[in-house]
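Work through the exercises below with the sequence and the model open. Each task is followed by its solution in steps.

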Amino acid sequence: MSGWHIRLQGQLGALAVDVDLRTPSPRVVLVGPNGAGKSTVLRAVAGAPLPLRGRVEVARRVLQDDGAAVRLPPEARRVGYLPQGYGLFAHLSAQANVAFGLTGPQAAERALAALARVGAAHLAPRRPPTLSGGEQQRVALARALAIEPVALLLDEPLAALDVGARRTLRASLAADLDGAGRPALLVTHDPRDVRAFGGVVAVVEGGRITQLGPWEALRTQPASPFVAELLGEDA
Amino acid sequence: MSALLRWPLLAFLGLPVLALLLTSTPGELAAAWRHPLAGPAVVLSLRTSLVSLALIVATGLPVAWWLARARGPWARAVETLVELPVVIPPAVVGVALLQAYGRQGLLGDGLARLGVQLPFTEAAVVVAQVMVAAPFFVQSATAGLRGVDPDLLLVARTLGASPTRAFWRVALPAARPAVLAGAALAWARALGEFGATLLFAGNLSGRTQTMPLAIFSALEVDLGLARALALLLGGLAFAVLLGLRVLPALRRAP
């Protein structure tokens, strides 16, 4: 099965996390109100040191299984993680950012090629603070894809953009995800993103998955007022 | 508030510096430079303060990194403990150091058996400087490292970096302004250390007599010499401050 199996439990501050997410779909879009635990799920999958116990499996690779005392460190997980705001290293050029995850000879050339694949080769010498939100997203995506990850984790990849850039980049990001052909876990609060990304939608509320299914299924049977409201925005 | 209200303090702060500049003559400065008291004190001050700075940075960074990420009462307690030398008067630090490493001190016997006599040596100067100056570095570096977005480190780790590499390549560069500011402050504090040094290391010309102590000694024999040494030390400290304020600004505007 190429999909996801995430079972995480624990207390994080005021939030009681009890996530059970099992789906054969390689692409999952997490939606939910602020503070519901969406970003937490992404960080846990990336390997952040959180007090959450359970099991994380993607595309048959076990990243964490506390029952078997398995918890891979982030550097052994081979996941490409784009946090909110993209997490570019401000003191490094775009090319050096991408090369950060590469080792061996020709790391610089391979970084440049990775930038070119997302149409960002011309940004190579620029520092992240001088880039627009959309350009930062391209560079961060190139950096995450350059390590040939088994899965991608994208936290609000379009939230930082203005309306025009959002529309363009939504389409190209969806195309990149299809082209990369890798399992991906995405967080968004915009129903237009949900539709563009496709895959299965998981609704996270209060640290739990309250509904799981394709967008159309949520449409016919919204399980909570939050889902109904989200669908209402999808005009 | 009225603009006039800011002048009293500014005048008060500026006057002594102005007085020092105005009353010293170039001839005095040249004479002071050749005086047997000056040379060794300058060299000793630079050597000990730079050694102290190196020790503070090397031992302070791991502490700051831990304090920046640790939560809970233990870390807060240690943080307060580390800041203690900031509020404790240097004279108290001097006595405390004697109680710890002096012949009658806690570790005195042990050190004596190893053939080590710490008080009234150049090493004692360094110990006193590290003690009073380290908190300034740890405080500033901790604040800087605490401001580093944890997601940046997680990204670095997912890109294959070990925790050590993530620290050196991502956390430290991101916190660099605060770490450099802390280092400069600590250096300036070490350079000016007087009280703890006097009590724990003494005022032995050529051995433990740093510039502040040389000024103190010169004051008893030759006011002009004291003035010139003070100007020299003040100039050094001012250079540190200038480096602290001007260099980062230059880097921001390439």
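The exercises cover the fold of chain B, a cavity and several salt bridges in a predicted model.

**Exercise 1. Describe the make-up and packing of chain B.**

Step 1. Count the elements: chain B has 13 helices and zero strands.

Step 2. Take the extent: the C-alpha trace of chain B spans about 65 × 60 × 35 Å along its principal axes.

Step 3. Check burial: of the 254 residues in chain B, 40% are buried.

Step 4. Turn to contacts: among those in chain B with a separation of 6 or more, 73% are between residues 24 or more positions apart.

Step 5. Look at the surface: chain B has an accessible surface of about 13900 Å², and carbon and sulfur atoms account for 72% of this area.

**Exercise 2. Find the largest cavity and state which elements line it.**

Step 1. Apply the volume cut-off: one cavity of 30 Å³ or more is counted, and the largest cavity holds about 40 Å³ of space.

Step 2. List the lining: chain A gives A:Tyr81, A:Leu82, A:Ala140, A:Arg143 and A:Ala144, while chain B gives B:Val155, B:Thr158 and B:Leu159.

Step 3. Assign elements: strand E7 (79-82) and helix H5 (133-146) of chain A, and helix H8 (150-158) of chain B, each give two or more residues to this lining. H5(A) supplies the largest share, three residues.

Step 4. Sort by class: six lining residues are nonpolar, one is polar and one is charged.

**Exercise 3. Why does the salt bridge between A:Glu75 and B:Arg157 join two chains?**

Step 1. Confirm the pair: the side chains of A:Glu75 and B:Arg157 meet in a salt bridge at 2.7 Å, N to O.

Step 2. Place the partners: A:Glu75 lies in helix H2 (residues 74-77) of chain A and B:Arg157 in helix H8 of chain B, so the pair joins two chains.

Step 3. Compare with the 20% cut-off for burial: A:Glu75 has a relative accessible area of 25% and is partly exposed, whereas B:Arg157, with 19%, is buried.

**Exercise 4. Which parts of chain B does the B:Arg227 and B:Glu28 pair link?**

Step 1. Take the distance: the closest N and O atoms of this salt bridge are 2.6 Å apart.

Step 2. Locate the residues: B:Arg227 is in helix H13 (residues 223-252) and B:Glu28 in helix H2 (residues 26-34) of chain B, so distant parts of the chain, 199 residues apart, are linked.

Step 3. Add exposure: B:Arg227 is partly exposed, at 23% relative accessibility.

Key
Residues are numbered from 1 along each chain as its sequence is written. Chains are lettered from A and ligands numbered from 1 in the order in which they are written. This is a predicted model: local features need pLDDT of at least 70, side-chain atom pairs count only at pLDDT 80 or more; totals for chains, interfaces and linings use all residues. Side-chain values use heavy atoms; hydrogens and water are left out. On a 1 Å grid over the protein atoms alone, a cavity is a set of points where a 1.4 Å probe fits but cannot get out, and a pocket is an open set with protein on both sides within 12 Å along at least five of seven lines; lining residues have an atom within 4 Å of a point. Grid points are joined across faces, edges and corners, and a volume is the space filled by probe spheres set on the points. Helices (H or I, at least four residues) and strands (E, at least two) are DSSP runs, numbered from the N terminus. Ala, Val, Leu, Ile, Met, Phe, Trp, Tyr, Cys and Pro count as nonpolar, Asp, Glu, Lys and Arg as charged, and the others, Gly among them, as polar. Buried means under 20% relative accessible area, exposed over 50%, partly exposed in between (1.4 Å probe, protein chains only). Contact means heavy atoms within 4.5 Å. Accessible areas come from the Shrake-Rupley method with a 1.4 Å probe; for residues, only the protein chains shown count as cover. A salt bridge is a side-chain nitrogen of Lys or Arg within 4 Å of a carboxyl oxygen of Asp or Glu.
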